[in-house]
Amino acid sequence: MLYAIETSGITKRFDDVTAVNKISISVKPGELFGLLGPNGAGKTTLISMLSTMIEPSGGSALVWGYNVMKDADAVRQNIGVVFQDTTLDDRLTGRENLDLHGRLYGLDGKTRKERIKEVLSLVELTERADAIVKTYSGGMMRRLEIARGLMHHPHVLFLDEPTLGLDPQTRMHIWDYIKKLNKEEGVTILLTTHYMEEADRLCDRIAIIDNGEIVALDNPQNLKNSLGGDVITLGLENPGDVDKLCNSYQKDGCANIITQNQNEVFITVNNGERQIPHILLLASQAGIPIISVSLRKPTLDDVFIHYTGRAIRDKEVSVMEEVGYKMRSRRK
Ligand SMILES: Nc1ncnc2c1ncn2[C@@H]1O[C@H](COP(=O)(O)OP(=O)(O)OP(=O)(O)O)[C@@H](O)[C@H]1O
Ligand SMILES: [Mg+2]
């Protein structure tokens, strides 16, 4: 078996919506692979097909060498799944939830006891194991769900939005557990997220998905490098000048245009600090007043904007940030 997960043109249609459109990916054993995309991109649908919850409309997929349609039982034996929406029983204790899962997978009493101890310690919930889940914080519930997904020693773990709705500190904690179980237990992980920082920090490779299709796939550094340097954002006094400015940069060949909106132009250049004077000189020669300039390293959001023309918006961003995002992502 060469790959832990291998899909070939896998597709899912719901009536008139093509949620996943001919996706082909190969994930190596031991890899931590991310699917990054905005709401409705098709991430959960892809995970649902790979975990045999729903049947593909076309194409095929192997998980740990087993066909998701023909060998669904064998696939299930080899995977763990942590769903986007919680599926814990909050009237039971943490330990009882784990025990129930172990029973469903046919683990005997002794194995269950040992494994519960191991997974609780892995996510540092030993001390709260006998409290009712209803009394857990959101972060603790997430950790318990991850522990549950690991109970039966799966080779492949699917994590659908593992840190959705958690505060930044708890989110970083969960990242540590995910990294730890990938390294220490050697579990192959496929996670979905719409947090670009999460994908960036955690994943060996990332497939950026939008409208059911992969728009880019590589390791985080290569994805960012592919934009060709540092990102410079230029604020323009007159909205009408945006196209004119882009044209003069393109003619000069000094920069790649990532995107533009009503009064801002985003470009990438190598050695950004040294290029700013030249960039401003060109604007001045073209008679275009620039009112602000900023320089930063590219993010995965820039990569997403470059390929789709839109930003990935976090659901949890503050209202002010949300307004800022909309302003930046509005296209002419
Ligand atoms: N059972 C269903 N019936 C009809 N349409 C569906 C169904 N499940 C998903 N879809 C549609 O398929 C598309 C992809 O949905 P999916 O849940 O896979 O996206 P997602 O990337 O997981 O989004 P999110 O970040 O919001 O979780 C959406 O347009 C959604 O409305
Ligand atoms: Mg989803």
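## Exercises on a predicted model

S1 and S2 pair in the antiparallel sense, over 4 bridges. Two strands pair if DSSP finds at least two bridges between them. Helices (H or I, at least four residues) and strands (E, at least two) are DSSP runs, numbered from the N terminus.

This is a predicted model: local features need pLDDT of at least 70, side-chain atom pairs count only at pLDDT 80 or more, and totals for chains, interfaces and linings use all residues. Residues are numbered from 1 along each chain as its sequence is written, while chains are lettered from A and ligands numbered from 1 in the order in which they are written.

**Exercise 1. Find the bridge partners of Lys12, Thr11 and Ile5 in S2, S5 and S3.**

Step 1. Start with S2. Lys12 has Val20 as its bridge partner there. The hairpin of S1 and S2 has 2 residues between the strands, and Asp15 takes a positive phi near 45 degrees in this hairpin.

Step 2. Go to strand S5 (residues 58–63). It pairs with strand S1 (residues 5–14) in the antiparallel sense over 5 bridges. Gly58 in S5 is the bridge partner of Thr11.

Step 3. Take strand S3 (residues 26–27). It pairs with S1 over 2 bridges, in the antiparallel sense. The partner of Ile5 in S3 is Val27.

**Exercise 2. State the strand order of the open sheet of 6 strands, and explain why one side of S7 and of S11 is left without a neighbour.**

Step 1. Read the order: S7-S8-S9-S4-S10-S11, with mixed pairing.

Step 2. Look at the edges. Strand S7 (79–82) and strand S11 (213–218) stand there, each with a single partner strand, so one side of each has no neighbour in the sheet. The twist averages 15 degrees from one strand to the next.

Step 3. Check one pair. S7 and strand S8 (residues 156–160) run parallel, joined by 4 bridges. Val81 stands opposite Phe158 in S8.

Step 4. Add the helix. Helix H5 (residues 138–150) lies across S7 and S8 and runs at about 165 degrees to S7. Axes are lines fitted to C-alpha atoms, for helices over the stretch in contact, and angles run from 0 to 180 degrees between N-to-C directions.

**Exercise 3. Describe the shell around ligand 1 by element and class.**

Step 1. Of the 13 residues around ligand 1, Phe14, Ala19, Lys43, Thr44 and Thr45 come nearest (a residue is near if its C-beta atom, placed from the backbone, lies within 6 Å).

Step 2. Strand S2 (17–23) and helix H1 (43–50) are the elements that give two or more residues to this shell. H1 gives the most, with 3 residues.

Step 3. Sort by class. The shell has 4 nonpolar, 8 polar and 1 charged residues. Ala, Val, Leu, Ile, Met, Phe, Trp, Tyr, Cys and Pro count as nonpolar, Asp, Glu, Lys and Arg as charged, and the others, Gly among them, as polar.

**Exercise 4. Which elements give two or more residues to the side of domain 1 that touches domain 2?**

Step 1. Set the bounds. The protein chain is divided into domain 1 (5–223) and domain 2 (227–329); such bounds come from an automatic or database domain assignment.

Step 2. Find the contacts. 14 residues of domain 1 are in contact with 11 residues of domain 2 (C-beta atoms, placed from the backbone, within 7 Å).

Step 3. Name the elements: helix H7 (196–202), strand S10 (205–210), S11 and helix H8 (220–225). H7 gives the most, with 3 residues.

Conventions. Two residues are in contact if their C-beta atoms, placed from the backbone, lie within 7 Å.
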